[in-house]
Amino acid sequence: MKTAVLCGLVLAAVASSRADDPFADSVISYVPGTGQNTAFERSSAALGAPTSGATITAPAFSNSQLVGIGNGGELTVEFDAPILNDPPDLMDGMAFTVFGNDFFVQGSQGISSTFDHPGLSVWVSEDNVTYYELAAPYGADDSFPTEGSGNPALPVSPSLTLSSFVGVSSAQALDLYDGSAGGASFSLSWAEDSEGDPVVLPSISYIKVEGSGGFGYVDAFARVEAIPEPGDSALAALGIAGAAFAKRRRGLRP
């Protein structure tokens, strides 16, 4: 019986560890650039979850929610647990997502365009010494607008582009999001060295956003959730049930 109880507790602990928050843990450095509103220079605003009240047509807007990355500026954050480069195990091959201040413009015939801030390049590093740029088709603040009610660890399907949303209603756009919180999602397979050659990174712990050709804003960073292994939910449920059973055996209420 003791062995069964111990197994249940271990499985419950494993399930709990998988539920750890997926957001950046600390700001390593911040250098404001030019062009952005100088009231938005609180770098800690980029930590934690994306703004819960943000929608695809009404984004985060206050200086407690956003940090400005000016032209020539940069923001570097660290994740305590490395983000692994394991595309087959990641949702749509994406490793992390950056949430910004962009939003869909609603017209009389549905979504007509996107208001965004192009020019924020994204760089990654294993050691906070050598950084590699991600050759992405977008920057940190010119991709899918944030939907605060969605799952920040779930990327929007990479089969979609911003043009996929033109002419659809907000409700239809959220159907396309399929539960995601939006944002600009990035694959570590996009890493390149200074010569433009691909770089294989086993993992990264640091993400840097640079105002390399414009300015914009960052709300949050989130790692992408791994694809659940078959039977994971059943094992987690077994662990919780085992812990509850042990309490009952000791005469305690669950």
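Phe 103 stands opposite Phe 115 in strand 6, and this pair is a convenient place to enter the structure. Strand 5 (residues 103-107) and strand 6 (residues 110-115) run antiparallel and are joined by 5 bridges, while a hairpin of 2 residues leads from strand 5 to strand 6. The model is a predicted one, in which local features need pLDDT of at least 70 and side-chain atom pairs count only at pLDDT 80 or more, whereas totals for chains, interfaces and linings use all residues. Residues are numbered from 1 along each chain as its sequence is written, and side-chain values use heavy atoms, with hydrogens and water left out. Helices (H or I, at least four residues) and strands (E, at least two) are DSSP runs numbered from the N terminus, and two strands are said to pair if DSSP finds at least two bridges between them.

Strands of a sheet pair through backbone hydrogen bonds, in either a parallel or an antiparallel way. In this model an open sheet of 6 strands has the order 1-3-11-7-8-10, with antiparallel pairing. Strand 1 and strand 10 (191-192) stand at its edges and have a single partner strand each, so one side of each is left without a neighbour in the sheet. For strand 1 (26-31), a connection to strand 3 (residues 74-84) is made by 5 bridges, and the two run antiparallel. Within that pairing, the bridge partner of Ser 29 is Thr 76 in strand 3.

Strand 4 (residues 96-99) offers a view of a strand covered on both faces, since Phe 96 and Val 98 on one side and Thr 97 and Phe 99 on the other are all buried, where buried means under 20% relative accessible area, exposed over 50%, and partly exposed in between (1.4 Å probe, protein chains only). Strand 4 is joined by 4 bridges to strand 13 (residues 220-223), which runs antiparallel to it, and Phe 96 stands opposite Arg 223 there. Strand 4 is also joined by 3 bridges to strand 9 (residues 184-186), again in an antiparallel arrangement, with Val 98 opposite Ala 184.

Which residues separated in sequence can be followed across space, C-alpha to C-alpha? Ala 173 and Ile 56 are 117 residues apart in sequence and 8.6 Å apart in space by that distance; Ala 173 lies in helix 2 and is buried, with a relative accessible area of 0%. Gly 93, in the loop between strand 3 and strand 4, is buried at a relative accessible area of 16%, and its C-alpha is 10.0 Å from that of Ile 227, with their positions 134 residues apart in sequence. Asp 142, placed in the loop between strand 8 and helix 2, counts as buried at 15% relative accessibility, and Asp 142 and Gly 100 are 42 residues apart in sequence but 7.8 Å apart in space, C-alpha to C-alpha.

Two loop residues deserve attention for their backbone angles. Most residues other than glycine have a negative phi. Asn 128, in the loop between strand 7 (120-125) and strand 8 (132-134), has a positive phi near 65° without being a glycine, and Asn 128 is partly exposed, with a relative accessible area of 32%. Asp 178 likewise is not a glycine and has a positive phi of about 55°; Asp 178 lies in the loop between helix 2 (170-177) and strand 9 and counts as exposed at 63% relative accessibility.

The charged side chains complete the picture. Side chains of opposite charge can pair when their charged atoms come close. The structure holds 1 salt bridge, a term that requires a side-chain nitrogen of Lys or Arg within 4 Å of a carboxyl oxygen of Asp or Glu. Lys 208 and Glu 210 form this contact through their side chains, at 3.4 Å from N to O, and both Lys 208 and Glu 210 are buried. Elsewhere, Asp 20, Asp 21, Asp 25 and Asp 80 form a negative surface patch, for which residues need over 30% relative accessible area and no salt bridge, like charges being joined within 9 Å and nonpolar side chains (Val, Leu, Ile, Met, Phe, Trp, Tyr) within 5 Å. Of these residues, Asp 20 lies in the loop between helix 1 (2-18) and strand 1 and is exposed, with a relative accessible area of 53%.

Key. Areas by Shrake-Rupley, 256 points an atom, 1.4 Å probe, with all protein chains shown as cover. Lys, Arg positive; Asp, Glu negative; His and termini not counted. Charge placed at Lys NZ, Arg CZ, Asp CG, Glu CD.
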